[in-house]
Amino acid sequence: MTLYEKLQKVSSEEDVKDIYIKALGLKQYQKNLIDIQTKEIWFEAKDNSKLSTYAMFTQLMHYVQDALNKGDYVPPFLCVIDTKKAAIMKSTDVIPFLEKKTIKWGKSASQYTQEALDAISAHIGTHFVSFKIETHEEEFISTIKNAIAKGDIIRTAITPDNLKQVFDKWVAMIGREINGVAEDDYALLFFADIMHDGTSSTHLNLPAELMHKNGAPVFALAGKNYELGNKEGYRQFWTIYHKPPKAEYRNYLLERRDSLIPMDERSFKGAYYTPLAVVDKAYDKLAETLGENWQKDYLVWDMCCGVGNLEVKHSNPRNIYMSTLDSADVDVMKATKTCVAAQRFQYDYLNDDITDDGKIDYTLTNKVPEGLRKAIADGKKILVLINPPYAEATNFENIAKGVTAENKTGVAKTKIASLLMSEYGKASNELFTQFLARIANEIPTATIAMFSTMKYVNAPNFEKFRQVWIAKYLGGFVVHNKAFEGLTGKFPIGFLVWKTANNPDRVLNPVRVKEIVVDVLDKNATPIGEKTFYNLPNNTFLNVWLNRPKTNKDLVVPLRNSISPSQTNPRVKTWSDNAIAYMYCGVNDLQHAEQQTIIFSSPYGGGNGFYITDENLWQASIIFSIRRLVTPTWLNDRDQFLQPTKELTEEFKTDCLIWMLFNRCQRTASANDLEWNDKKWNIVNHFIPFTEEEVGATDRFESDFMVNYLTDKIFSNEANAILREGKKLWQAYFSQTDVRSVREELKLNRPDVGWYQIRNAMKKRNESGDFQPVSFKSFEESYKDLTEKLQPMVYQLGFLKI
């Protein structure tokens, strides 16, 4: 629990004192009229946040004045604390003022006069350092401890480790007080501010500039001046932090501008800083695949270079061309003197110099340097070294407004997507493949070394792309996405090197890359092994293994979870002849299997699934089990599920069926009176593997489908153990009646409840303490045994490739 959270629970001033004493690690303290006294600091404490910092200091000054009058000891520091804020100042900043004895005090510290408050406030306003405990707990504690240890108020340094946190606090205290500036420009103004010592800037030609007008800060950007609406936040912020940062950090901090750009804009611009440890590995891989002299032999063009950290390791910058969508990146590179000898320019690679008929015409913008144009025309050896955007294309107008558009084909088109990607299928919606499409047209025999997701290697939506884009794999590695700041989830980022051969008259690629072997690096860029990625035809995937039953016209209630109707306009709201359930079965890879493999008693309103019938139940149970048996990791997240390559035994089929029936995501249920489309609906559970007599049910089950289906099946020992332990839990459920609130929440108004309802009802009984507890331990052990039996078979039978 944070200091702030603890302070919100106090019931007295003593609680506040004790919490601060513990948080600050105070030794040899006393609690007297002065709330907390140590040799170094006196504290005034309050159990709420109603008084201002000035009022609390006025009360504390009453005691300081009294000590001065008596000739008693006054510590070096004075501090005020309450449940939301704190402030500290040096005693030497107020003692000369108090020694004049001009203030008319009240009868006691708490009964201060308005005159005393006004006088103290006017004097101390520029001397104290204040903190909001909710957002500046670490800085406050560090400042107090440094004051005690070193006898001075030491402001917090800005370093690579705290850059993002400092920026967020700068935005809250300063950025939002700058009148008329766009949020996207906060990072530019922030760097102008921190790279200024109060007199001059540490760098020339930064995109934004800090000036002073009438003693107040003013920011200049793109020919406009921006003033602060409230200067108090600015004063408070810079009493906490020290600027400028140490000289050894400055260029590096400027190069991290990408980490401060709003996420929507970062996704579009591809502004994800490539860590230098990963860059090192990339250069090692380039030397391995292209030869030790590659930096001399190849011209390099990075079309989305950001602030150039992918090129800083290059030893021959005169061979480098660096372009970026954002002109401010060019300004930062110039200010930090990044790759000075390289040719750096602003360029929108997905839109600039594209004619209406899809041709490249450099005269449209005249941005591309003449030397690069000539090298392309002469067919010189060109290496495209690039870390492009990973996101799907979104609408330009929405990006500018900070709104994320839906990521689907046709929402937005760059000129490249509109004019050059008719053959690429759904890959045309990906920004990074749009880069590849233009490169194929503009520099058809380029060597490409690219950071990207692994979608284009094995994802189903990229099958057309792989047929059209002609390239020979030279080598590469994948690294954990957590090596890149700002990327959520867990997945591999590939750095793959390709030699392309995309001649203008190309036909469908006659020689497809069937598999690639990559080195594997962890999030610290440390090698940990190898992995193979497979490029297999879509017709071998598991999601086309069964013939999906057709829908009929019978309207049924669409669900958003086991027992709740869809609240939006559902895609699927009809049934299929002889269907007994519906499986939500989304994208055909491990990444999506965890969240997109669920069985319902009625259609999942969002669709992306199939109806389960008597005829396909054996396949459905295998598909369900295969998709859920293997745990997704960052490395296997794009692995595709495949159709089996070996014969499936009857034991394997029944094992999968039982494993499915008792899985937490087998969520068939029964319920009455589900309201949807101005009507009440019932759903029936067909997945109960026991008879009413076996489990002591209170009434007849509407369906005995599963009991009949299992009648002629032979079960393995592991499956039998699950059935045996599962029956005990079903019996335990029917041995008691749940309280009304639970019955209503879980729709326990029918006897033929599902495994989902039973599990959750028993859990609530155990949590309530009002029922004899029921243990799931034996069941879970049995289920684990079958899980461990089936997991290796996923690979042995060919459902996944290692």
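Good morning. I begin with a helix contact: Glu 651, Phe 652, Asp 655, Cys 656 and Trp 659 of α23 meet Tyr 783, Leu 786, Thr 787, Lys 789, Leu 790 and Met 793 of α29. Sorted by class, this contact of α23 with α29 comprises 7 nonpolar, 1 polar and 3 charged residues. Please keep in mind throughout that the model is predicted.

The geometry of this pair is as follows. Helix α29 covers residues 777–796, and its axis lies 11 Å from that of α23, at an angle of about 130 degrees. The two helices are therefore classed as oblique to one another, since an angle that is neither under 35, nor over 145, nor from 65 to 115 degrees falls in that class. The crossing of α23 past α29 is left-handed.

Helix α23, residues 650–661, also packs against α22, residues 617–629; here the axes come within 8 Å and cross at roughly 70 degrees. Because 65 to 115 degrees counts as roughly perpendicular, α22 is described as roughly perpendicular to α23. This crossing, too, is assigned a hand: α22 passes α23 in a left-handed sense.

Which residues of α22 and α23 meet? On the α22 side they are Leu 617, Trp 618, Ser 621, Ile 622, Phe 624, Ser 625, Ile 626, Arg 628 and Leu 629. On the α23 side they are Phe 652, Lys 653, Cys 656, Leu 657, Trp 659 and Met 660. By class, the contact of α22 with α23 holds 11 nonpolar, 2 polar and 2 charged residues. Phe 652, Cys 656 and Trp 659 of α23 appear in this contact and also in the contact with α29.

I turn now to the nonpolar cores. The largest has 98 residues, and the members that touch the most others are Tyr 20, Ile 88, Phe 140, Trp 170 and Phe 451. Helix α8, residues 186–194, gives the most to this core, with 8 residues. Apart from it lies another core of 77 residues, which includes Tyr 584, Met 660, Met 706 and Leu 729. Met 660 was named a moment ago, as one of the α23 residues that meet α22.

What does Tyr 20 contact, leaving aside its neighbours within four places in sequence? Its partners are Leu 3, Leu 7, Ile 81, Asp 82, Lys 85, Ala 86, Ile 133 and Phe 140.

Next, some features of the backbone. Two residues other than glycine have a positive phi: Gln 28, at about 50 degrees, and Ala 525, near 65 degrees. Gln 28 sits in the loop between α2 (13–24) and β1 (36–37), while Ala 525 sits in the loop between β18 (515–521) and β19 (527–534). Are these residues buried or exposed? Gln 28 counts as exposed, because its relative accessibility is 78% and the threshold is over 50%. Ala 525, by contrast, is buried, because its relative accessible area is 4% and the limit is under 20%.

There is also a cis peptide bond, between Lys 243 and Pro 244, with omega about -5 degrees. Pro 244 is located in the loop between β10 (241–242) and α10 (247–255).

Finally, Thr 159 belongs to the loop between β6 (156–157) and α7 (163–173). With a relative accessible area of 16%, Thr 159 is buried. Beyond residues up to four places away in sequence, Thr 159 touches Tyr 249 and Leu 253. Thank you for your attention.

Definitions and conventions. Residues numbered from 1 in each chain as written. Predicted model: local features only at pLDDT ≥ 70, side-chain atom pairs only at ≥ 80, totals over all residues. Heavy atoms only, no water. Helix = DSSP H or I, 4+ residues; strand = E, 2+ residues; numbered from the N terminus. Buried < 20%, exposed > 50% of the residue type's maximum accessible area, 1.4 Å probe, protein only. Core = buried A, V, L, I, M, F, W, Y, C linked by side-chain atoms within 4.5 Å. Contact = heavy atoms within 4.5 Å. Axes fitted to C-alpha atoms, helices over the stretch in contact; angles between N-to-C directions. Left-handed = near helix turned anticlockwise from the far one by under 90°. Nonpolar A, V, L, I, M, F, W, Y, C, P; charged D, E, K, R; others polar.
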